[in-house]
Amino acid sequence: MKREIIICSFWLLLSFYLSIESYRLGLSTGNRPGPGFFPFIAAIAIGLIAAFRLVNSIRKSSPDNNSELGIAGEAKLVLYVIAGMMAYAFLLDLLGFFFCTFLLVAFYLKVIAARRWPVTLSFAAAVALTSHFFFDVLLKAELPRGLLSWLI
Amino acid sequence: MDTLHSLAQGILTAASPLNLLYGFVGVLLGTLVGVLPGLGPAGAIALLLPLALHAPPLAYLIMLFGITYGAQYGGSTTSILVNIPGEASSVITCLDGYAMARQGRAGPALGIAAFGSFIGGTISIFGLAYLAPALAEFGLHFGPPEYAGLMLFGLTALVYLAHGPMDKALLMALFGSLLASVGLDPVTGQPRFTFDILVLRDGVGLTPVVIGLFGVSEVLVNLRTQAGEVFQKTIKGLLPTLQDWKDSALPITRGTILGFLVGAIPGLNVVIATFAAYAVEKKISKHPEKFGRGAIEGVAAPETANNAASCSGWIPLLSLGLPTGSVTSLIFGALLIHGLAPGPLFIKNSPEVFWGVLGSMVIGNVLLLILNLPLIGLWIKVLQVPYFFLFPLIILFGIIGAYTTSGNTGDVVIMIIFGVVGYLMKKFAYEPAPMVLGLVIGPLLETAIRRSMIMSKGHVGIFFQRPIAAFFMGAAALMLLSPLLTRRRLGHDIIEKLEEQ
């Protein structure tokens, strides 16, 4: 029940904020619906449904079963994957596609999959080289070259 | 006769070397993602959306369509060999397919699944070729109020038939529509919910959102997945025996008809078609006790139905411009990227694309039949690849896909955010499909509603005074409100019971 209350409260807050913002944008100009009209209706509808769910969950008051979610067991792995992607996004322009790809794959294989260094480094190098050749050279996708811009 | 002539022209167009190559890549990729648990056709299409900027429109669409029906073939392989459905539409095949594999009859099970899929898929394409243009003719009478009604109807149908609680699905659809409001207002050009962030001025892009929701979130959920253990590693005798054919002929026929009809109805999907086909066969069988213990009818009917439904599922999108789920929403997005407006005028304005795609489906089904049976050994090897080698690649393709859309790392961050959102949605049992549909049709729905209200000088009565619009609005209201009165959704308890089985 506690979990459902938290989720419904999130939706209610979101609905409250968005309906105020939509109202500020303007609901109508004369006979014409304004830019805030559509999001206002959607935000109000979200609020009504969230309130309905909240009341229902309080009335039923069934106990939470957090173990069903299974988040606790994999939270660390999930955080590592997200951290790797965030680092990739912020370092991409600086280090370039090739280096970032190598580091990302090596990080995932070493930290998440716990592979040995030879496997980690060789797989990361293979992925970086192949993807550079495929996307950069063959498909001519404009990917940042960063540190290696003088070479490739 | 005109239809057959146009379809023949479409087949010729699809048979050109470039289109054939893209089609081949599409069905191969589709089978691969169907085989691999954890990355479905929606994820694969999401990862390939950025390619739309570089590839020729028809060839690119042929590839995307190939992925969708290729995945249906691939999904059955894992169901039969490993008892793990690669796709939700292959869940029911596990029951008898895996039982057949345990009896040493994996070959005939895979064979009848492939032949059934081919027959169901091909016949369904002909149905699509006849029905879609007729429906599009009807759609030509639509104005903004009718479009608004149609889109609300499509959105509500998806919400009504969602697996989980309807209110949760409705929340997702509304949230998707709200996300679609981010960016410049389509009528006044005023910025909405952009928070002075440059990347949000163009709106929340479909590509990074769907890559996050379907690609990244799948990786996060499956991080602890182990490689599949294949029960029967050497497959012999892929061609079903005469007795197998006798047992399967009628289930294949019924599966084709049922799959086609279910797939064509907005909101119903391939999964429902397979469960319904299985239920019908079990109900009318003289030996229902054999089902679940290796009855070939239990493989033939659902496998035929899933391909038939996956083809007829395109009718609402190609004839009326109505996406009915996540995959059709993504294809809708891909069509928009190429400047091809899906809707009643699509077939009239872009006949070469419509008939070319249909032609490619005919060729694709033949390709899949030729390719898949000999390639089963390869798919078995793919199944044994450890997941820790696969997930960095999926993440990498996702990042490249999001980045190349705009050349901006902001889109990569959006992808990551929606990866986390998708992960939490899965954990809290919120479905992504209504959200994606809301995001895709949100701007169209908003424009249609606002245009209608400009026409009526601000009166909402316009949606109820015109018969077609009133029909769609009434049907949508009925679907939304009836569960409040009856405390049940039509057919939903049957679907739940079958899924439990």
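Into which domains is chain A divided? In this predicted model, chain A is made up of domain 1, covering residues 2-64, and domain 2, covering residues 71-150. The C-alpha centres of these two domains of chain A are 40 Å apart.

The secondary structure of chain A consists of five helices and two strands. Read from the N terminus, the order of the elements is α-β-β-α-α-α-α. A helix therefore comes before the two strands, and four helices follow them, when the chain is followed in that direction. Chain A has 152 residues, of which 32% count as buried; for a residue to be placed in that class, 20 or more other C-beta atoms must lie within 10 Å of its own. Among the contacts in chain A with a separation of 6 or more, 58% are between residues 24 or more positions apart.

The next topic is the contact between the two chains. Chain B contributes 43 residues to this contact, and chain A contributes 45 residues. On the side of chain B that touches chain A, the elements giving two or more residues are helices H8 (166-181), H10 (206-221), H18 (387-406), H19 (409-427) and H20 (432-455) of chain B. Which of the elements gives the most to this side of chain B? That element is H18(B), with nine residues. In terms of residue class, the side of chain B that touches chain A comprises 26 nonpolar, nine polar and eight charged residues.

Attention now turns to the backbone of a loop in chain B. Most residues other than glycine have a negative phi. B:Phe195 has a positive phi, near 50°, although this residue is not glycine. B:Phe195 is located in the loop that runs between strand S2 (191-192) and helix H9 (198-201) of chain B. B:Asp196 belongs to the loop between S2 and H9 of chain B, and its phi is likewise positive, near 60°, in a residue other than glycine.

Are these loop residues buried or exposed? B:Phe195 counts as exposed because it has 7 C-beta neighbours inside 10 Å, and a residue is assigned to that class when the number is 12 or fewer. For B:Asp196, 7 C-beta neighbours are found inside 10 Å, so this residue also counts as exposed. The loop between S2 and H9 of chain B thus includes B:Phe195 and B:Asp196, with positive phi values near 50° for B:Phe195 and near 60° for B:Asp196.

Note on methods. Residues are numbered from 1 along each chain as its sequence is written. Chains are lettered from A and ligands numbered from 1 in the order in which they are written. This is a predicted model: local features need pLDDT of at least 70, side-chain atom pairs count only at pLDDT 80 or more; totals for chains, interfaces and linings use all residues. Domain bounds come from an automatic or database domain assignment. Two residues are in contact if their C-beta atoms, placed from the backbone, lie within 7 Å. Ala, Val, Leu, Ile, Met, Phe, Trp, Tyr, Cys and Pro count as nonpolar, Asp, Glu, Lys and Arg as charged, and the others, Gly among them, as polar.
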